[in-house]
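Student: I have a structure open and want to learn how to read it. Where do we begin?

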Amino acid sequence: MPKWFSPTAILCGLMFVVSPVLIARSPDESAMGMVYKIYYYHMPSAWMFLLAPLVCGVSSALFLARGRAEDDRRAWAAAELTVLFGALTLITGPLWARRAWGTWWVWDARLTSSLVGWMIGWAYLILRRYGGPGSDKLAAGVALFGAVNVPFIFISVNYWRTIHPPTTVVPRLPVSMGVPLWFCVTAFLLLFILLMTMRLRLEVARTRLDALYVALDE
Amino acid sequence: MTDRGDVRPPTTSFARTVWMVLRKDLTVELRSGEIAYTTLFFAVSCVLIFAFALVREGRAPEGGAAGILWIAILFAGTLALGRAFERERQAETLRALLLAPVPRPALYVGKFLGIVALLVATEVVLLPLVDLLFTARLFAHPFWLAGIVVACTIGLAAVGTLFAAMLVRARSRDMLLPVLLYPIVVPVIIAGVQGTAALLQPAFDPAVVRFWLLLLVTFDVVFVVLALWTFEAVMSD
C-alpha cells in the first residue's frame with residue numbers, strides 16, 4: 001500500500017466517527033425537522049455515485065484508445081464503487097422521502113435516471129463476470145453510456161418538474177448546515193479514494209498471481 | 001505497383017459501404033424472411049397477451065396502449081438484434097466484413113439501418129393492431145406519431161446494434177444482450193411511451209409531444225455518435 005494510505009484511512013475513520021456528532025449538533029430544517037439530517041449522508045454518497053461512473057467512463061475511453069491494463073482496472077474498480085455508492089444513495093433517499101414526501105419512491109426524472117445509472121453499473125459488473133474473454137472491451141462500451149447518463153442525472157432536477165430538491169440548494173445552505181455537509185463530503189471522498197486504491201491494488205496482485213501461475217505451468 | 005509494399009487494397013467509400021451492407025441484409029431478409037416473420041409474430045403475440053390480460057369489456061387501462069406498444073417493440077427488437085448478429089456469427093460473415101478494407105463505422109451504419117428498417121416494418125403492423133385492440137386512436141395525429149415512432153426506433157436500434165455486434169463473440173450473449181441493452185435504452189423507451197401517451201390524450205397538447213420528441217432526438221444524436229466511436233474501438237480485434 002502507498003505510504004499515505006494508513007494515515008488517510010485513520011483520518012477517514014475518525015471523520016466518520018465525528019460526523020454523527022456534527023450532524024446531531026446541526027440545526028433541524030424548519031419544514032422537515034430531524035429527518036432532514038439523512039441528507040448529510042445521502043448527498044455525499046450521491047455525489048460519489050456521480051463521480052464513480054465518470055471515472056469509469058473516462059478510464060474506459062482511455063482503455064479503448066490506448067489499450068492499457070491499468071485504465072481497465074480503474075474502470076472496473078469505479079464500476080464497483082458505482083454500485084456501492086448507488087446502493088447507499090438509493091437506500092438513504094427513500095428513507096428521507098418516506099417522511100418528507102410521504103412515499104418511498106416517485107418515478108420522476110432524478111430518481112429514474114439514478115436508478116438507470118445504478119442498473120448500468122450492475123450491467124457492467126455482470127458483463128465482466130459472465131462475458132468471458134474479450135468482455136473488458138465490451139464493458140468499456142457499456143461504461144461510456146453510463147458516463148453519458150451522469151450529466152442527465154445532475155441536471156434532471158432543474159429541467160423537470162419534480163419534488164426532489166434542485167442543485168441550487170447546496171450553495172444556499174447556512175454555515176451551521178454547510179459545515180457538517182462539507183465535512184461529510186470530504187469523508188465520503190476519502191472513503192472513495194481509499195476503496196479505489198484498495199481495489200486497484202487487489203487487481204494488480206491478482207494479475208501478478210495469474211502471471212505466476214502461467215510461468216509455473218510453462 | 002512494382003514494389004509489393006506499395007500495393008494497397010482498393011477502399012470503398014463510406015456511403016457505398018453502408019448501402020452494400022444494408023442491401024445485403026435486406027436481400028437476405030427478403031429471401032428468407034426469417035427475422036422479419038419471427039419478430040413480427042413475437043411482437044403481435046406480445047400485444048395479444050397484453051390485450052387478453054388487460055382489456056376488460058372492450059376498455060383498456062388509461063395510458064396502457066402506449067406502454068404496451070413500446071414494450072412489444074423493445075422485446076421484439078431484442079429478438080431481432082440477437083438473431084441478426086447470430087446469423088453473421090454462424091456464417092463467419094462478420095469476420096469477413098471486419099476484414100474488408102472499408103470504414104468500420106460504415107459497417108455499423110449499414111447494420112443499424114437494416115435493424116431500423118426491420119423495426120419500422122414491425123411497427124407498421126403493430127400500430128394499427130394496438131389502435132384496434134386498445135381503442136387508442138393512435139392515428140389522430142399521424143405526423144407526430146411518425147416522428148415519435150421513428151425517433152424512438154432510431155435510439156433503440158443505435159444502442160441495440162452496437163451491443164448485439166459487441167456480444168457476437170461473448171459467452172452467454174443471448175442472456176447478456178437484454179441485461180446490457182435495457183438499462184441503457186430505458187430513457188428512450190420512457191420518452192417514447194410518454195410521447196405516445198401525450199398523443200392519446202383527449203386534450204392534445206403539441207408542446208408536450210414536441211418536448212418528448214426533442215428529448216428523443218437528443219438521445220438519438222448522443223447514442224449514434226457514441227456508438228459510432230465505440231464500434232470502431234471495440235471491434236478492432
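Tutor: We go from whole chains to helix pairs, then to single residues.

Tutor: One caution before that: this is a predicted model.

Student: Fine. What is the secondary structure of chain A?

Tutor: Chain A has six helices and zero strands. Read from the N terminus, its elements run α-α-α-α-α-α.

Student: And how many helices and strands does chain B have?

Tutor: Eight helices and zero strands in chain B. Its pattern along the sequence is α-α-α-α-α-α-α-α.

Student: How does the radius of gyration of chain B sit against the globule rule?

Tutor: The radius of gyration of chain B is 20 Å, and the globule rule gives 18 Å for 237 residues. The two values are close, so chain B is as compact as a globular protein of that length.

Student: What box do the C-alpha atoms of each chain fill?

Tutor: Along the principal axes, chain B takes up roughly 80 × 35 × 30 Å. For chain A the box is roughly 70 × 40 × 25 Å.

Student: What share of the residues counts as buried?

Tutor: In chain B, 44% of the 237 residues count as buried. In chain A, 36% of the 218 residues do.

Student: How do I read the sequence separation of contacts? Which share of them in chain B joins residues 24 or more positions apart?

Tutor: Take the contacts in chain B with a separation of 6 or more: 83% of them come from residues 24 or more positions apart. For chain A, among contacts between residues at least 6 apart, 77% join residues at least 24 apart.

Student: Now the interface. How is its size usually put?

Tutor: Often as the accessible area lost when the parts come together. Here we count residues instead. 21 residues of chain A are in contact with 20 residues of chain B. On the chain A side, helix 2 (39-66), helix 4 (109-130) and helix 5 (135-159) each supply at least two residues.

Student: How do the residues on that side of chain A divide by class?

Tutor: Into 14 nonpolar, six polar and one charged.

Student: How are two packed helices described?

Tutor: By the angle between their axes and the distance between the axes. Try a pair that spans the two chains. Helix 5 of chain A and helix 8 (residues 206-234) of chain B cross at roughly 160°, and their axes come within 10 Å.

Student: Roughly parallel or roughly antiparallel?

Tutor: An angle over 145 degrees counts as roughly antiparallel. Helix 5 of chain A and helix 8 of chain B are therefore roughly antiparallel to each other. Their crossing is right-handed.

Student: Which residues make that contact?

Tutor: From helix 5 of chain A: Lys137(A), Leu138(A), Gly141(A), Leu144(A), Phe145(A) and Val148(A). From helix 8 of chain B: Val222(B), Leu226(B), Thr230(B) and Val234(B). By class, the contact has seven nonpolar, two polar and one charged residues.

Student: Give me a pair inside one chain.

Tutor: Take helix 3 (residues 64-90) and helix 5 of chain B. They pack at about 150°, with axes 10 Å apart. Helix 3 of chain B and helix 5 of chain B are therefore roughly antiparallel too. Helix 3 passes helix 5 of chain B in a right-handed crossing.

Student: Which residues meet there?

Tutor: Helix 3 of chain B contributes residues including Ala72(B), Ala76(B), Gly77(B) and Ala80(B). Helix 5 of chain B contributes, among them, Ile115(B), Leu118(B), Leu119(B) and Glu123(B). The contact divides into 14 nonpolar, two polar and one charged.

Student: Let's zoom in on Leu118(B). Buried or exposed?

Tutor: The cut-off for buried is 20 or more other C-beta atoms within 10 Å. Leu118(B) has 25, so Leu118(B) is buried. This residue lies in helix 5 (residues 104-133) of chain B.

Student: What does Leu118(B) touch, beyond residues up to four places away in sequence?

Tutor: Ile35(B), Ala36(B), Thr39(B) and Ala80(B). For a longer reach, look at Ala164(B): 46 residues along the chain from Leu118(B), with the C-alpha atoms separated by 15 Å.

Student: And a contrasting residue?

Tutor: Try Val44(B), in helix 2 (residues 34-54) of chain B. Val44(B) has 16 other C-beta atoms within 10 Å, so Val44(B) is partly exposed.

Student: Which residues are in contact with Val44(B), its neighbours within four places left aside?

Tutor: Val125(B) and Leu129(B). Check Ala76(B) as well: Val44(B) and Ala76(B) are 32 residues apart in sequence, and 9.1 Å apart in space, C-alpha to C-alpha.

Technical notes:
Residues are numbered from 1 along each chain as its sequence is written. Chains are lettered from A and ligands numbered from 1 in the order in which they are written. This is a predicted model: local features need pLDDT of at least 70, side-chain atom pairs count only at pLDDT 80 or more; totals for chains, interfaces and linings use all residues. Two residues are in contact if their C-beta atoms, placed from the backbone, lie within 7 Å. Helices (H or I, at least four residues) and strands (E, at least two) are DSSP runs, numbered from the N terminus. Ala, Val, Leu, Ile, Met, Phe, Trp, Tyr, Cys and Pro count as nonpolar, Asp, Glu, Lys and Arg as charged, and the others, Gly among them, as polar. A residue is buried if 20 or more other C-beta atoms lie within 10 Å of its own, exposed if 12 or fewer, and partly exposed in between; C-beta atoms are placed from the backbone. The radius of gyration is taken over C-alpha atoms; the globule rule is 2.2 Å times the number of residues to the power 0.38. Axes are lines fitted to C-alpha atoms, for helices over the stretch in contact, and angles run from 0 to 180 degrees between N-to-C directions. Angles under 35 degrees count as roughly parallel, over 145 as roughly antiparallel, 65 to 115 as roughly perpendicular and the rest as oblique. A crossing is left-handed if the near helix is turned anticlockwise from the far one by less than a right angle, and right-handed if clockwise.
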